[in-house]
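User: Please take one part of this protein and examine it closely for a first-year student. Please then place that part within the whole chain in one connected account.

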Amino acid sequence: MIIMEPIDLILSIVYYAGEVDGRTRLQKIVYFVSEKLGLDLGFIPHYYGPYSSIVAKTLEDLVVTDFIEEYITPTLSGRLLYVYKLKPNVEENFVLNDEIKDLVKKLAKEDLDKVIVASKVHYLLKRHKDADSLPDEAKKYGWDIDNNDVREALKFLQELGLV
């Protein structure tokens, strides 16, 4: 298990991703990286999958204290997209191994819906070892996942080395 503070983890992730488009994507990347590193950041089930108030608060603090730049752009659907980049004044002494760097880069570019479903399946799989039961378990959290979603997510999670 690696000991890393949430602030260092988020700064490292944004650094290696280059930029992260969206709060949801950042939550999912932090979720998967924290799982890989054995960090407990208090993730709970939320509409778009595992969510951590620790991550949300830390990100907010990093924006307010001028470590991370937050760009807000409207989407075609009328929603707002928050994009995160490191400020140029931040020292670059981040220490994540190559496997984690690759994971961050892949998740930063992957289709967001695929990442969201994979995070839900991973979260459920940790609690319910039987993959066939996951669609029913997902309903308890208000998540709509079918057996095909589970199969596809498991393939993706295997590619990422998370199952």
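Analyst: **A close look at one residue and its surroundings**

Not counting residues up to four places away in sequence, Leu11 touches Leu62, Phe67, Ile68, Leu86 and Phe94. The model in which these contacts are found is a predicted one. Leu11 belongs to helix H1. Its relative accessibility is 7%, so Leu11 counts as buried, because the word applies to values under 20%. One of its partners, Phe94, stands 83 residues away in sequence, yet the C-alpha atoms of Leu11 and Phe94 are 7.9 Å apart in space.

The inquiry may now move along the helix. Leu9 also has its place in helix H1. With a relative accessible area of 0%, Leu9 is buried. When residues up to four places away in sequence are left out, the residues touched by Leu9 are Met4, Val30, Val33, Ser34, Leu37, Leu39 and Leu41. The C-alpha atoms of Leu9 and Tyr31 are 11 Å apart, with their positions 22 residues apart along the chain.

A further set of contacts belongs to Ile10. Apart from neighbours within four places in sequence, Ile10 is in contact with Leu26, Val30, Val55, Thr58, Leu59, Leu62 and Ile68. Val30 thus appears among the contacts of Leu9 and also among those of Ile10. Likewise, Leu62 and Ile68 are touched by Leu11 and are in contact with Ile10.

These individual contacts can be set beside the nonpolar core. The largest such core holds 51 residues, and those that touch the most other members are Leu9, Ile10, Val30, Phe32, Val33 and Ile68. At least two residues of this core come from each of helix H1 (6-17), helix H2 (23-37), helix H3 (53-64), strand S5 (80-86), helix H4 (98-109), helix H5 (112-127), helix H6 (134-139) and helix H7 (147-159).

The wider fold gives the setting. The protein chain contains seven helices and five strands. In sequence order, these elements follow the pattern α-β-α-β-β-α-β-β-α-α-α-α. Contacts between residues 24 or more positions apart make up 62% of the contacts in the protein chain with a separation of 6 or more. Of its 163 residues, 44% count as buried.

The overall dimensions can be tested against a simple rule. A compact globule of 163 residues would have a radius of gyration near 15 Å, and the value of 16 Å for the protein chain therefore agrees with that expectation. Along the principal axes, the C-alpha atoms fill a box of roughly 50 × 40 × 25 Å.

The surface and the charges complete this general view. The protein chain exposes about 8,900 Å², of which carbon and sulfur atoms supply 50%. There are 21 positive and 28 negative side chains, and the centres of the two sets lie 2 Å apart.

Three further residues may be set against the buried leucines of helix H1. Asp66 is placed in the loop between H3 and strand S4 (68-74). Its relative accessibility is 38%, so Asp66 counts as partly exposed, a class that lies between the limits of 20% and 50%. Its phi is near 70°, which is a positive value in a residue other than glycine. Most residues other than glycine have a negative phi.

His46 lies in strand S2 (residues 44-46). With a relative accessible area of 38%, His46 is partly exposed. Residues up to four places away in sequence being left out, His46 touches Tyr51 and Trp143. The C-alpha atoms of His46 and Thr73 are separated by 24 Å, and these residues are 27 apart along the chain.

Asn147 is found in helix H7, and its relative accessible area of 41% makes it partly exposed. Beyond residues up to four places away in sequence, Asn147 touches Asp132 and Pro135. Asn147 and Val64 are 83 residues apart in sequence, and their C-alpha atoms are 42 Å apart in space. Leu11 and Phe94 are also 83 residues apart in sequence, with a C-alpha distance of 7.9 Å.

Technical notes
Residues numbered from 1 in each chain as written. Predicted model: local features only at pLDDT ≥ 70, side-chain atom pairs only at ≥ 80, totals over all residues. Heavy atoms only, no water. Helix = DSSP H or I, 4+ residues; strand = E, 2+ residues; numbered from the N terminus. Rg over C-alpha atoms; globule rule 2.2 N^0.38 Å. Buried < 20%, exposed > 50% of the residue type's maximum accessible area, 1.4 Å probe, protein only. Contact = heavy atoms within 4.5 Å. Areas by Shrake-Rupley, 256 points an atom, 1.4 Å probe, with all protein chains shown as cover. Lys, Arg positive; Asp, Glu negative; His and termini not counted. Charge placed at Lys NZ, Arg CZ, Asp CG, Glu CD. Core = buried A, V, L, I, M, F, W, Y, C linked by side-chain atoms within 4.5 Å.
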